[in-house]
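User: Please take a close look at a single part of this model, chosen as you see fit, and then set it in the context of the whole. A connected account would suit me better than a list.

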Amino acid sequence: MNFLARFAQNRGALIGLIILMSIILMAILAPLIFPESPWRMVQRPFLPPLEQEGFLLGTDTMGRNVASGLMHGAWVSLLIGLVSTTVALAIGVPLGAIAGYYGGLIDDALMRFTEFFQTIPNFALAIVLVAIMQPSVTSIVLAIALVSWPPVARLVRAEFMSLRHREYVEAARLVGQGDLTIILRQILPNTLSPIIVLASLMVATAILLESALSFLGLGDPNVMSWGYMIGAARTVIRQAWWLSFFPGVAILLTVLSLNLVGEGLDDALNPKLARERQ
Amino acid sequence: MLYARLIASRLFKAVIVLFMIIILNFFLIQLAPGDPAAILAGEAGATDEAFLRQLRERFGLDQPLYVQLWRYVSGVATLDFGYSYRQQMPVLDLILARLPATLLLTGTAFVLSLVLGIVAGSLAAARVKKPSGSLIMALALLFYATPLFWVALMSVVVFSVYLDWLPAYGLYTVGAGHTGLALVLDVGKHLILPATTLALFFMAIYTRMTRASMLEASQQDFVKTARAKGLKNSVIQRRHILRNALLPIITLAGLQAGQMVGGAILTETVFAWPGIGRLMFEALQQRDYNLLLGIFFFSAALVIVFNIITDLVYRLADPRIKEGS
């Protein structure tokens with residue numbers, strides 16, 4: 001059975017993929033459907049949903065179109081989720097690879113360092129980092145990456161430790177390949193599937209973290225994001241529940257779909273494990 | 001004797017971690033925009049130059065960096081976290097005043113999520129491959145993916161605004177003047193929404209963990225032996241599988257402590273719960289970096305204490321773990 005067929009066997013993963021595709025489509029279509037900035041005031045404030053044509057989801061406290069903010073926000077969430085996960089991988093993979101490959105003192109030192117970052121409450125650290133670097137897309141991405149790399153390092157280290165004495169690695173060493181070549185060309189390709197699964201779940205967590213940061217007022221003031229929309233509507237929740245409701249559903253669906261896709265990838269990439277689990 | 005040595009070694013590790021956090025804090029202050037003196041004064045931007053110079057001397061900011069670092073570390077070591085000029089109080093006093101509310105909230109949420117998570121997870125494990133088991137797991141995934149602050153807001157809309165069953169804000173009814181049992185009941189009523197909200201996310205984690213752990217335990221030989229002896233399935237589930245499956249959950253619960261702090265910041269912000277999470281939000285809005293870093297240090301210390309406790313509980317619960325392993 002090939003990869004796609006195994007993935008398609010998991011019904012949840014298929015549903016997740018469809019939801020995720022629609023959200024990506026939302027992000028791509030946002031500038032076409034709503035060419036105006038989502039920050040522009042276009043109608044009277046507090047317009048309830050379904051009341052006026054062209055304002056399907058109503059307007060917010062400043063008369064901005066909620067539907068427009070929702071679609072533009074999709075772009076921001078996905079972008080920050082993807083980029084911060086990439087940065088976290090760029091930190092975690094080399095650290096884990098070096099620790100697992102060399103072992104000994106280097107491993108000890110790197111693992112103490114990783115444990116230190118795992119002990120610190122990660123959301124609190126992210127808040128402090130963004131507050132001090134000043135809120136911007138860059139600082140948010142950096143903060144999320146800095147708090148989410150430890151699981152990557154641990155996973156890659158464990159994989160490297162179990163693979164470093166395999167026969168094909170010893171063979172590569174015998175023919176005179178250097179450490180760097182062995183790490184990059186022999187071992188790393190064999191650790192890719194668990195890294196991919198973890199990365200898909202990390203994108204979901206990153207999106208949750210970003211929304212929580214913007215909810216607290218630490219979002220980039222220049223980009224419309226779902227967390228910001230909920231945070232800005234928090235004080236008027238009694239008068240206008242829909243302002244917080246729709247962005248929240250958007251976050252929920254995105255995070256849910258990424259988790260479902262991640263589980264599907266896990267089943268598809270590790271067919272043996274999946275069968276044992278059944 | 002064994003535990004004394006264990007505690008000593010864990011405390012030693014904890015001190016090192018806290019020391020590293022102090023150093024991290026020190027460099028974060030250096031990173032902050034503007035004059036460190038202005039930050040320590042809680043005033044970014046326009047402040048009297050003479051006042052700033054006076055501050056710089058008082059905090060030793062005119063000294064070389066390593067002297068500053070030494071002063072900062074020895075300050076925190078004597079529990080001097082500086083002064084919050086915004087709130088006109090020492091940072092330590094502010095944090096200690098807010099700590100009980102946070103402990104009440106996180107403690108309640110922790111117990112609630114652990115109990116409900118273990119019950120739901122063992123039900124799901126006993127009903128594996130049945131629709132009811134799948135339903136539990138689908139719900140757990142749903143709670144896991146829902147942003148905590150959004151659940152908090154929606155529960156305010158439903159239970160406080162629409163149904164008018166529960167209070168949405170604060171720790172107790174201001175001005176009601178409740179005392180004794182009436183006060184306890186009042187606080188309890190205010191606690192329901194924040195604690196349940198905070199517990200939902202962790203309940204999802206414990207549910208998934210319990211189920212996985214129980215399914216793994218059910219593969220082991222002693223379960224086969226129990227079945228061969230003809231014990232009832234419910235007895236095997238409870239006495240053989242669940243008991244062995246609980247151990248990894250204790251470890252996991254310790255690892256969740258850091259997440260719990262993050263959850264508390266969001267829940268307390270929404271429900272105006274007067275704990276250190278809400279204090280962090282206030283510090284954030286006022287750009288009170290000194291207070292912010294003090295809370296950050298304190299929350300890390302809380303997590304470490306909790307980790308040590310779970311580690312000890314784990315060793316007490318499992319006599320197979322001997323010293324050194």
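Analyst: Two residues are taken to be in contact if their C-beta atoms, placed from the backbone, lie within 7 Å, while helices (DSSP runs of H or I, at least four residues) and strands (runs of E, at least two) are numbered from the N terminus. This is a predicted model, in which local features need pLDDT (the predictor's confidence in each residue, from 0 to 100) of at least 70, side-chain atom pairs count only at pLDDT 80 or more, and totals for chains, interfaces and linings use all residues. Residues are numbered from 1 along each chain as its sequence is written, and chains are lettered from A, with ligands numbered from 1, in the order in which they are written.

The part I have chosen is helix α7 of chain A, residues 150–163. With 14 residues at 1.5 Å a residue, α7(A) should span 20 Å, and its end C-alpha atoms are indeed 20 Å apart, so the model agrees with expectation; the expected span is 1.5 Å times one less than the number of residues. The buried residues of α7(A) are A:Pro150, A:Val152, A:Ala153, A:Arg154, A:Val156, A:Arg157, A:Glu159 and A:Phe160, a residue being buried if 20 or more other C-beta atoms lie within 10 Å of its own, exposed if 12 or fewer, and partly exposed in between. An α-helix has 3.6 residues a turn, so residues three or four places apart point the same way. Among the elements that cover the buried residues of α7(A) are α3 (66–102), α4 (104–119), α9 (179–187) and α10 (192–215) of chain A.

The chain around this helix comes to 13 helices and zero strands, and its C-alpha trace spans about 75 × 45 × 30 Å along the principal axes. Of the 278 residues of chain A, 47% count as buried, and among contacts between residues at least 6 apart in sequence, 70% join residues at least 24 apart. Confidence in chain A averages a pLDDT of 88, with 97% of the residues scoring at least 70; among its elements, helix α6 (residues 137–148) has the highest mean pLDDT, 95, and helix α13 (residues 271–277) the lowest, 58.

UniProt, in an unreviewed entry, places the feature "domain: ABC transmembrane type-1" at residues 74–262 of chain A; such annotations may be inferred rather than shown by experiment. That span is 81% helix and 0% strand, and its end C-alpha atoms lie 19 Å apart. The unreviewed entry also annotates "transmembrane region" at residues 12–34, 74–102, 123–147, 195–219 and 240–261 of chain A. Residues 12–34 of chain A are 96% helix and 0% strand, with end C-alpha atoms 32 Å apart, whereas residues 123–147 of chain A are 88% helix and 0% strand, with end C-alpha atoms that lie 8 Å apart.

The partner, chain B, has 13 helices and two strands, and its C-alpha atoms fill a box of roughly 85 × 55 × 40 Å along the principal axes. Buried residues make up 38% of the 325 residues in chain B. Between the two chains, 37 residues of chain B are in contact with 31 residues of chain A. On the side of chain B that touches chain A, at least two residues each are supplied by α1 (2–31), α6 (131–145), α7 (148–162), α11 (257–271), α12 (276–285) and α13 (289–317) of chain B, with α13(B) giving the largest share, eight residues. By class, this side divides into 31 nonpolar, six polar and no charged residues, where Ala, Val, Leu, Ile, Met, Phe, Trp, Tyr, Cys and Pro count as nonpolar, Asp, Glu, Lys and Arg as charged, and the others, Gly among them, as polar.

Within chain B, an automatic or database assignment gives domain 1 (14–77) and domain 2 (98–324), whose C-alpha centres lie 36 Å apart. In chain B, 14 residues of domain 1 are in contact with eleven residues of domain 2; α1(B) gives the most to the side of domain 1 that touches domain 2, with eight residues, and that side has twelve nonpolar, two polar and no charged residues.
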